[in-house]
Amino acid sequence: MSESSFNGSGFSCPLPLSSSDTIQLAHGGGGRLMRQLITDLFLTQFRHAGETSEGLREPPHDSAEIRLGDGTRMAFTTDSFVVSPLFFPGGDIGKLAVFGTVNDLAMSGAKPLWLSAGFILEEGLPLETLRRVVQSMRQAAEEAGVRIITGDTKVVDRGKGDGIYINTTGLGWIPENVHISPSRIRPGDRILLSGDVGRHGIAIMSVREGLQFDNALPSDCAPLHRVVRAMVKHAAEAIHCLRDLTRGGLASALNELAMDAHVAMLIHEEVIPVEPSVAAACELLGLDPYYVANEGRFVAVVRADAAEELLAVLRQQAGCASAQIIGEVRPAPAGVVELRTALGGSRVLDLLSGEQMPRIC
């Protein structure tokens with residue numbers, strides 16, 4: 001890294017907030033405040049008492065499951081993208097919007113089919129910038145094998161937006177033999193990680209803060225549905241839950257699953273893949289790579305007797321050569337994720353109380 005290019009002015013220590021009367025950046029960061037906002041406000045208003053997989057998922061997952069009149073099961077998800085900057089090593093807001101929505105569908109074991117795209121544009125945005133983003137979305141949709149079939153456009157006053165915000169909604173088909181949900185996680189299950197962690201967040205930070213890291217890696221932004229499909233074809237019944245590692249990274253995703261499934265999780269630091277350049281950047285910036293966002297990584301919670309076979313399948317997929325079995329599910333203490341360190345000690349990986357890296361997706 002070129003030290004002369006970094007003055008630290010863009011960094012601040014995230015506040016250890018437990019509650020707030022106003023919306024904070026941490027409400028969108030994948031940590032404790034975001035979970036409270038969803039659980040205490042949105043779910044209490046929008047969900048009907050006692051709803052199960054026949055309606056909305058219980059507990060919540062990356063997409064809702066809808067059962068049509070003929071018994072067909074569909075996955076339904078929506079997401080909004082406000083990443084800054086719009087273009088970064090390995091991707092841009094358009095590619096991120098398509099792949100991010102495809103991946104949420106994939107975490108239900110669904111085959112992604114259709115997307116919508118809503119654009120909020122700021123007055124003064126260069127048309128060439130919008131053209132680049134839209135072309136990137138088309139290319140990403142073609143790569144993922146999905147179609148963007150409807151959308152909307154709004155323009156806000158100059159200074160009232162930040163160039164482009166994109167909202168996407170996705171629909172996909174869930175095969176009858178696939179049943180993936182946090183409610184299926186059981187003590188004894190093994191936890192698989194599909195690849196190295198922390199790359200997307202560091203790619204964003206390198207551009208946002210004008211940092212120049214030696215041997216910098218691009219974002220891991222990639223579609224995951226074909227990887228999941230290969231695992232499902234091999235042993236659908238052994239796959240209990242999937243979760244992609246976006247805001248809040250690996251640690252937040254595991255915490256969410258442990259709390260929703262009322263189990264504990266033990267993971268082993270020595271087998272979690274972190275690229276040396278990412279680890280060095282995190283050490284310099286005071287970040288924990290287990291909380292840094294990813295856009296092409298996921299965890300799979302699978303039956304113990306199928307873990308090695310599914311790991312072999314996973315490692316055969318593009319971008320997953322460094323996949324590992326990183327831990328196991330335990331019965332107690334419920335909702336706790338413990339990290340066994342390389343030195344033989346242990347520490348609890350808790351949910352973030354503040355915002356470590358805002359606007360990374």
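This is a short talk on the overall build of one protein chain and on one of its helices, α6.

Okay, first thing to keep in mind: what you're looking at is a predicted model. Let's begin with the whole chain. In terms of secondary structure, we have eight helices and 14 strands. The C-alpha trace spans about 55 × 55 × 45 Å along its principal axes.

So how does the radius of gyration fit a compact globule? For 361 residues you'd expect a value near 21 Å, and the protein chain has 20 Å, so the two agree. Half the chain is tucked away, if you like: 50% of the 361 residues count as buried.

Now contacts. If you take those between residues at least 6 apart in sequence, 83% join residues at least 24 apart.

On to the surface. The accessible area is about 16300 Å², and carbon and sulfur atoms account for 52% of that. For the electrostatics people, there are 32 positive and 43 negative charges, and their mean positions sit 5 Å apart.

Right, let's zoom in on helix α6, residues 249–261. Does its length come out as expected, or not? At 1.5 Å a residue, its 13 residues should span 18 Å, and the end C-alpha atoms are 19 Å apart, so that agrees.

And how enclosed is α6? Well, 11 of its 13 residues are buried, so the rest of the structure largely encloses this helix. Among the buried ones are Leu250, Leu254 and Leu257, and also Asn255 and Asp260. Just after the helix comes histidine 262, with a positive phi, near 60°.

That's my tour, happy to take questions.

Key: Residues are numbered from 1 along each chain as its sequence is written. This is a predicted model: local features need pLDDT of at least 70, side-chain atom pairs count only at pLDDT 80 or more; totals for chains, interfaces and linings use all residues. Side-chain values use heavy atoms; hydrogens and water are left out. Helices (H or I, at least four residues) and strands (E, at least two) are DSSP runs, numbered from the N terminus. The radius of gyration is taken over C-alpha atoms; the globule rule is 2.2 Å times the number of residues to the power 0.38. Buried means under 20% relative accessible area, exposed over 50%, partly exposed in between (1.4 Å probe, protein chains only). Contact means heavy atoms within 4.5 Å. Accessible areas come from the Shrake-Rupley method with a 1.4 Å probe; for residues, only the protein chains shown count as cover. Lys and Arg count as positive and Asp and Glu as negative; His and the chain ends are not counted. The place of a charge is taken as NZ of Lys, CZ of Arg, CG of Asp or CD of Glu. The expected span of a helix is 1.5 Å times one less than its number of residues.
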